[in-house]
Amino acid sequence: MSRRAKTGTCTYCHQHRPLTRDHIPPRSLFPKIPPDKLITVPACKPCNEGFQKDDDYFWLNISLREPHHGDHEHATDAAQRALQHLNRPAATGARQALLDNTERTPVYTTMGLYAGTRLAYNTDLDRLSKTANRIITGLYYHTTKKRLQPPYTAKSRALDGFTTDDNHDLQTLLSIVNPQPITTIGDIFAYQYHLLTDDLQASIWLLTFYQTTTFIGTTLKQQDHTW
Ligand SMILES: [Zn+2]
C-alpha cells in the first residue's frame with residue numbers, strides 16, 4: 001500500500017503541491033552519514049527531480065577537486081565513487097566532458113612557492129553555484145522556518161571565482177560571517193550564516209564542502225545582488 005504524499009508549499013517554487021523531502025546538500029555527498037543526521041526541506045516533485053542533473057555535476061566536481069590541506073578521506077572516497085559513476089557506459093558524455101576540461105595547471109603552495117603541475121579540472125563555477133544557491137535557499141528555510149519570498153533570491157560564488165578587483169566586497173562579507181558559529185555534517189559539509197536584523201530576509205552564508213571548496217552567498221532582493 002502506498003502512502004499518499006502530504007500536500008503543502010514547496011520551499012523553492014512556492015506552489016501548493018504534493019511534497020517530497022529534498023536533501024540539502026544533495027544526498028550523494030553523504031554515503032556514510034545516517035539519514036537522520038541529514039537536512040531535508042519540503043519540495044515538490046518537479047523541483048526535486050529538476051535538481052538531479054546539477055546535483056550530479058556538483059558532486060562529481062566537488063569530490064574531484066584537489067584538497068587544499070592534505071588528503072581528505074571523504075573527498076578521496078567520494079572521488080572514487082565519482083570515477084566509478086563516470087565509468088558507467090551511460091556516462092560516456094559526462095566522462096568525455098570531464099576529460100576535455102582537464103589540463104595541467106601550475107600549483108602553488110599557500111606560501112606562494114611553485115610546486116610543479118597537477119591535473120586540474122577546469123570547473124564551471126557558475127553551474128556549481130546553482131546548486132549552492134539552492135542549498136542556501138533550503139538552509140534559509142531550515143534555520144528560520146520561513147521560505148525565502150520573492151523578490152529575495154539566494155546567490156553564491158565559489159571563493160576561487162573571485163578576482164582581485166571584487167576582493168573588497170568579499171572581505172567585507174567574510175568579516176561578518178566568519179565569526180559566526182559553524183554547523184557541520186560529518187567533516188563533509190560545514191556552514192555558517194548571519195541574518196541581518198534590519199532586513200529580515202537578507203543574510204550571508206558560507207558553505208564549505210570536503211574542507212576544500214567554499215562558497216559565499218547572500219540572500220538579497222534580486223536587483224541588489226552585485227554578483
Ligand atoms: Zn517546487
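Seven residues of helix α2 are buried, namely D55, F58, W59, L60, N61, I62 and S63, where buried means that 20 or more other C-beta atoms, placed from the backbone, lie within 10 Å of the residue's own, while 12 or fewer would make a residue exposed and values in between partly exposed. This is a predicted model, in which local features need pLDDT of at least 70 and side-chain atom pairs count only at pLDDT 80 or more, whereas totals for chains, interfaces and linings use all residues. Residues are numbered from 1 along each chain as its sequence is written.

Helix α2 covers residues 52–64, and because 1.5 Å is expected for each of its 13 residues, the helix should span 18 Å, which agrees with the 18 Å between its end C-alpha atoms; the expected span is 1.5 Å times one less than the number of residues. In the chain as a whole there are six helices and 10 strands, taken as DSSP runs numbered from the N terminus, with at least four residues (H or I) for a helix and at least two (E) for a strand. Of the 227 residues of the chain, 29% count as buried.

**The three-stranded sheet**

Strands β1, β2 and β3 form, in that order, an open sheet with antiparallel pairing, two strands being paired if DSSP finds at least two bridges between them. Its edge strands, β1 and β3, each pair on one side only, and neighbouring strands are turned by 50° against each other on average, direction ignored; such angles run from 0 to 180 degrees between N-to-C directions, with axes fitted as lines to C-alpha atoms, for helices over the stretch in contact. Strands β1 and β2 make a hairpin with six residues between them, and H14 in its turn has a positive phi of about 65°.

**The five-stranded sheet**

A further open sheet has five strands in the order β6-β10-β9-β8-β7, again with antiparallel pairing. Here the edge strands are β6 (152–158) and β7 (183–185), each of which pairs on one side only, and neighbouring strands are turned by 20° against each other on average, direction ignored. Helix α6 (residues 167–177) packs on this sheet, touching β8 (189–195), β9 (203–209) and β10, and its direction makes about 85° with that of β9; contact requires C-beta atoms, placed from the backbone, within 7 Å.

The table lists strand pairs from the two sheets.

| Strand pair | Bridges | Residues standing opposite |
|---|---|---|
| β1 (7–9) and β2 (16–24) | three bridges | T7 and P18 |
| β2 and β3 (39–44) | six bridges | L19 and C44 |
| β6 and β10 (213–221) | seven bridges | T153 and L220 |

**The nonpolar core**

The largest nonpolar core has 36 residues, of which I136, L139, Y191, W205 and L207 touch the most other members; such a core is a set of buried Ala, Val, Leu, Ile, Met, Phe, Trp, Tyr and Cys residues joined through C-beta atoms within 7 Å. At least two residues of this core come from each of β2, β3, α2, α5 (125–144), β6, β8, β9 and β10, and α5 gives the most, with seven residues. The core also draws at least three residues from each of domain 1 (7–92) and domain 2 (125–220), whose bounds come from an automatic or database domain assignment. Leaving aside residues up to four places away in sequence, W205 touches I136, L139, V177, Y191, Y193 and G217.

Definitions and conventions. Contact = placed C-beta atoms within 7 Å.
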